[in-house]
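Me: Please give me a close look at one helix in this model. Then place it in the rest of the chain, with the cut-offs spelled out as you go.

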Amino acid sequence: MRKLNDLTCLSGRIAAITGGAGELCGKMAEALSELDVTTVIIDINEKRAQEKAESIVRNGHKSIGLSADVTSRESLEKARDRIRNEFDGLDILINGAGGNHPEATTSDKLRFFDLPPEAVRKVFDLNFLGTLLPCQILGELILDTVLKNESHGNIVNLSSMNSFRPLTRIPAYSAAKAAVSNFTQWLAVHMAQNYTPRIRVNALAPGFFLTEQNRFLLIDESGKDFTARGRTILDHTPAGELGRAEDLISTLLWLLNPASRFVSGVVVPVDGGFSAFSGV
């Protein structure tokens with residue numbers, strides 16, 4: 001048996017992280033950099049991507065920030081070419097770009113029957129197409145790297161608790177994340193059968209994490225108390241609290257760990273027990 005510190009080593013790997021300037025994926029980038037992983041922060045907002053990369057560099061680690069639209073092949077191809085020229089390969093892809101849209105969310109003012117198709121399409125494209133396209137374009141760069149170096153590659157997608165249990169009000173987001181989970185399983189099999197089992201594909205399914213994106217749904221205007229929706233979520237989360245960005249790190253590292261070579265095609269809930277609780 002190999003030494004445990006050899007099995008867990010990620011030092012020297014190159015990781016691209018879409019949505020890398022956001023709260024959850026930004027914390028992932030910071031954690032990976034602490035393990036001597038070079039991080040490529042990809043975000044649609046170039047300024048935010050560069051600021052996140054610069055903060056990692058200031059802490060003594062290697063990082064660059066790139067702007068890319070995950071729903072555009074051309075944009076992702078430019079990012080891929082920059083990564084290839086800068087680092088001559090890629091080992092890890094974390095697909096974290098995603099989000100919802102108010103116009104794809106039912107409410108007292110917007111009935112399901114009136115949801116604009118363009119808003120639904122925008123949410124679905126951002127979450128599902130925004131996962132599939134990076135897997136095509138950056139995933140092929142991982143394949144080239146693995147075959148060239150006889151190494152191992154990893155793709156980790158960000159699904160959601162909504163893929164297990166669709167939530168009220170957000171039909172487009174729930175459906176898109178369900179598609180991400182299904183695609184994760186499909187791609188894990190496809191990569192292994194058609195290219196190499198040395199590229200593993202898995203997903204994280206976060207439960208309820210308080211971010212700037214969902215704060216208005218979970219916290220009231222005072223900023224101190226939970227909304228009715230927020231209280232319902234807590235009542236159905238056995239852990240009794242919302243998740244923090246750092247709560248995703250240990251599971252991410254387990255999935256990326258070379259010692260997890262037999263783990264592929266899984267969607268792992270990180271949800272404080274939400275998916276296990278029936279409400280009774």
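**A helix and its surroundings**

Reply: Start with the contacts (heavy atoms within 4.5 Å). Among those in the chain between residues at least 6 apart in sequence, 70% join residues at least 24 apart.

Two notes on the basis. This is a predicted model, in which local features need pLDDT of at least 70, side-chain atom pairs count only at pLDDT 80 or more, and totals for chains, interfaces and linings use all residues. Residues are numbered from 1 along each chain as its sequence is written, and side-chain values use heavy atoms, with hydrogens and water left out.

Now the helix. Helix 5 covers residues 117–149. Helices here are DSSP runs of H or I, at least four residues long, and strands are runs of E, at least two long; both are numbered from the N terminus. At 1.5 Å a residue, the 33 residues of helix 5 should span 48 Å. The expected span is 1.5 Å times one less than the number of residues. The end C-alpha atoms of helix 5 are 45 Å apart, which agrees.

Helix 5 also bends. The angle is about 35°, at aspartate 125. Such a bend is the angle between two fitted axes, one for the seven residues ending at that residue and one for the seven starting there. Just after helix 5 comes glutamate 150, with a positive phi of about 55°.

One general point helps here. An α-helix has 3.6 residues a turn, so residues three or four places apart point the same way.

Next, a residue that sits elsewhere in sequence. Arginine 84 belongs to helix 4. Its C-alpha atom is 9.8 Å from that of leucine 138, and the two are 54 residues apart along the chain. Beyond its neighbours within four places in sequence, arginine 84 is in contact with Gly89, Leu141 and Asp144. Arginine 84 counts as partly exposed, because its relative accessibility is 34%. The cut-offs are these: buried is under 20% relative accessible area, exposed is over 50%, and partly exposed lies in between (1.4 Å probe, protein chains only).

After helix 4 (73–87) comes a loop that leads to strand 4 (92–95), and aspartate 88 is in this loop. Aspartate 88 is not a glycine, yet its phi is positive, about 65°.

Follow the chain past helix 5 to strand 5 (residues 153–158). Strand 5 pairs with strand 6 in the parallel sense, over 6 bridges. Pairing requires at least two DSSP bridges between the strands. One bridge joins asparagine 157 to alanine 203 in strand 6. Strand 6 (residues 199–206) is mostly covered, with 8 of its 8 residues buried. Ile199, Val201, Ala203 and Ala205 point one way, while Arg200, Asn202, Leu204 and Pro206 point the other way.

Between strand 5 and helix 6 (171–194) runs a loop that holds arginine 169. Its phi is near 85°, a positive value in a residue other than glycine. Arginine 169 is partly exposed, with a relative accessible area of 42%.

Further along lies helix 7 (residues 215–218), which includes leucine 218. Leucine 218 is buried, at 4% relative accessibility. Setting aside residues within four places in sequence, it is in contact with Leu210, Asp225, Phe226, Thr227, Gly230, Ile233 and Leu242. The C-alpha atoms of leucine 218 and phenylalanine 208 are 9.6 Å apart.

Now back to the start of the chain. Strand 1 has 5 of its 5 residues buried. Ile14, Ala16 and Thr18 point one way, and Ala15 and Ile17 the other. Strand 1 pairs with strand 2 (residues 38–43) in the parallel sense, over 5 bridges. Isoleucine 14 has threonine 38 of strand 2 as its bridge partner.

In the loop between strand 1 (14–18) and helix 2 (23–34) sits alanine 21. Alanine 21 is buried, with a relative accessible area of 13%. It touches Ile41, Asp43, Arg48, Ala49 and Lys52, not counting residues up to four places away in sequence.

Last, the whole chain. It has 9 helices and 7 strands. Its radius of gyration is 19 Å, close to the 19 Å that the globule rule gives for 280 residues, so the chain is as compact as a globular protein of that length. The radius is taken over C-alpha atoms, and the rule is 2.2 Å times the number of residues to the power 0.38. Of the 280 residues, 51% count as buried.
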